[in-house]
Each structure stands twice: as structure tokens, then as C-alpha cells.
Amino acid sequence: MNISISVKQLGKKHPILQEKSIALDIENPVITTQKLIESIVEYQVQLFHSSSFEFEDEDKIHLPKENYLPILTDTGKVGFGALYNHNKVDLAKAQENAIVAFEDGLYAVFYGDDQLETLTEEIDLSKNKSITFIRLTFLAGSYW
């Protein structure tokens with residue numbers, strides 16, 4: 001099933017991840033928030049594992065092409081596609097971390113205009129609403 005997701009951060013004008021369509025391996029379009037999060041994490045882990053990285057393919061120069069640098073600076077994050085972590089990701093641990101982060105309020109999930117507040121809340125993906133993840137940041141400081 002194809003769904004569209006985007007990732008935003010409060011206080012930022014532009015989303016961290018522009019709206020992107022991904023294909024999840026889900027049979028029933030009515031799923032819980034927990035199943036949605038676990039499916040998206042599974043998709044991302046598979047994407048990470050499929051990006052092959054050979055130790056001999058290391059880019060020693062790290063220089064972008066002329067037309068690539070303006071694109072990177074517009075998004076606010078400059079990266080050159082190099083993978084420095086050669087470890088495989090444990091899917092079960094990644095899913096557990098995502099669920100704990102949701103329960104702890106580190107990010108919010110919206111389906112269309114509706115916020116998904118509990119892991120047991122059911123949504124119907126056949127309505128083709130956009131799914132938005134908003135990374136929440138906490139204020140830090142002191143009273144002084």
C-alpha cells in the first residue's frame with residue numbers, strides 16, 4: 001500500500017523531509033498507530049540495508065558537484081551520501097525505540113489533520129491522507 005509521509009520540526013519553515021511516497025507491505029488498510037510506526041521503521045531499515053556500502057568505495061574527497069551544493073544548502077542539511085556506520089540495524093530494537101519515543105512524546109504523528117495520540121488508535125489508510133511526523137523539541141534553560 002502506498003502512503004505519503006513527511007517529517008517536520010516545530011519552529012522550522014521547511015520540512016526536514018519533503019512529502020515522500022513509500023510502499024508499505026500491509027494487507028489490511030485499517031491499522032493501529034503502533035502497526036503504522038512499526039511498518040515505517042521496517043521500510044526504513046530495509047532501505048538502509050539495501051544501500052550497499054563497500055569499504056573500498058569510500059569517497060576520499062567529499063566534494064559535491066557545482067549544481068549540488070545550492071540544493072543542499074536550501075534544505076539546511078549538507079550531506080554527501082557517505083555511510084559511516086557499517087553495522088546492520090536490529091529491526092526489533094529499532095521498532096521498540098520508535099514506539100518508546102512515541103510514548104515519551106518525542107514526536108507526534110498526524111494522519112491528515114488528526115493527531116494520533118495512542119498506539120491503539122485505528123486509522124484507515126485507504127483514505128489516502130498524508131502522514132506527518134513532527135519532531136518535538138523541548139525548551140532548555142534555567143531560571144537565572
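**Exercise 1.** In this predicted model, determine whether Ala98 is buried or exposed, and identify what it touches.

*Solution.* Step 1: Ala98 lies in helix α3. Step 2: its relative accessibility is 15%, and the cut-off for a buried residue is under 20%. Ala98 therefore counts as buried. Step 3: setting aside residues up to four places away in sequence, Ala98 touches Ile37, Val41 and Tyr107. Step 4: for the pair Ala98 and Ile37, the separation is 61 residues in sequence, while the C-alpha to C-alpha distance is 7.2 Å.

**Exercise 2.** Decide how Thr33 should be classed by accessibility, and list its contacts beyond its sequence neighbours.

*Solution.* Step 1: Thr33 belongs to helix α1. Step 2: because its relative accessibility is 0%, Thr33 counts as buried. Step 3: with neighbours within four places in sequence left aside, Thr33 is in contact with Phe102, Leu116, Thr118, Leu119 and Glu121.

**Exercise 3.** Test whether the end-to-end distance of α1 agrees with the span expected at 1.5 Å a residue, and name the buried residues of this helix.

*Solution.* Step 1: α1 has 18 residues, so at 1.5 Å a residue the helix should span 26 Å; the rule multiplies 1.5 Å by one less than the number of residues. Step 2: the end C-alpha atoms of α1 are 26 Å apart, in agreement with the expected span. Step 3: the buried residues of α1 are Thr33, Leu36, Ile37, Ser39, Ile40, Val41, Tyr43 and Val45.

**Exercise 4.** Describe the largest nonpolar core, the elements that supply two or more residues to it, and the surroundings of Leu36.

*Solution.* Step 1: the largest nonpolar core comprises 26 residues, and those with the most contacts inside it are Ile3, Leu36, Leu125 and Ile131. Step 2: two or more residues come from each of β1 (2-9), α1 (33-50), α3 (91-103), β4 (107-111) and β7 (131-135). Step 3: α1 gives the most, with 6 residues. Step 4: not counting residues up to four places away in sequence, Leu36 touches Ile3, Leu24, Ile31, Leu116, Ile123, Leu125 and Ile131.

**Exercise 5.** Characterise the chain by its order of elements, its buried fraction and the sequence range of its contacts.

*Solution.* Step 1: the chain contains 3 helices and 7 strands, arranged along the sequence as β-β-β-α-α-α-β-β-β-β. Step 2: 25% of its 144 residues count as buried. Step 3: among contacts between residues at least 6 apart in sequence, 57% join residues at least 24 apart. Step 4: the chain exposes about 10700 Å², of which carbon and sulfur atoms supply 53%.

Technical notes. Residues numbered from 1 in each chain as written. Predicted model: local features only at pLDDT ≥ 70, side-chain atom pairs only at ≥ 80, totals over all residues. Heavy atoms only, no water. Core = buried A, V, L, I, M, F, W, Y, C linked by side-chain atoms within 4.5 Å. Buried < 20%, exposed > 50% of the residue type's maximum accessible area, 1.4 Å probe, protein only. Helix = DSSP H or I, 4+ residues; strand = E, 2+ residues; numbered from the N terminus. Contact = heavy atoms within 4.5 Å. Areas by Shrake-Rupley, 256 points an atom, 1.4 Å probe, with all protein chains shown as cover.
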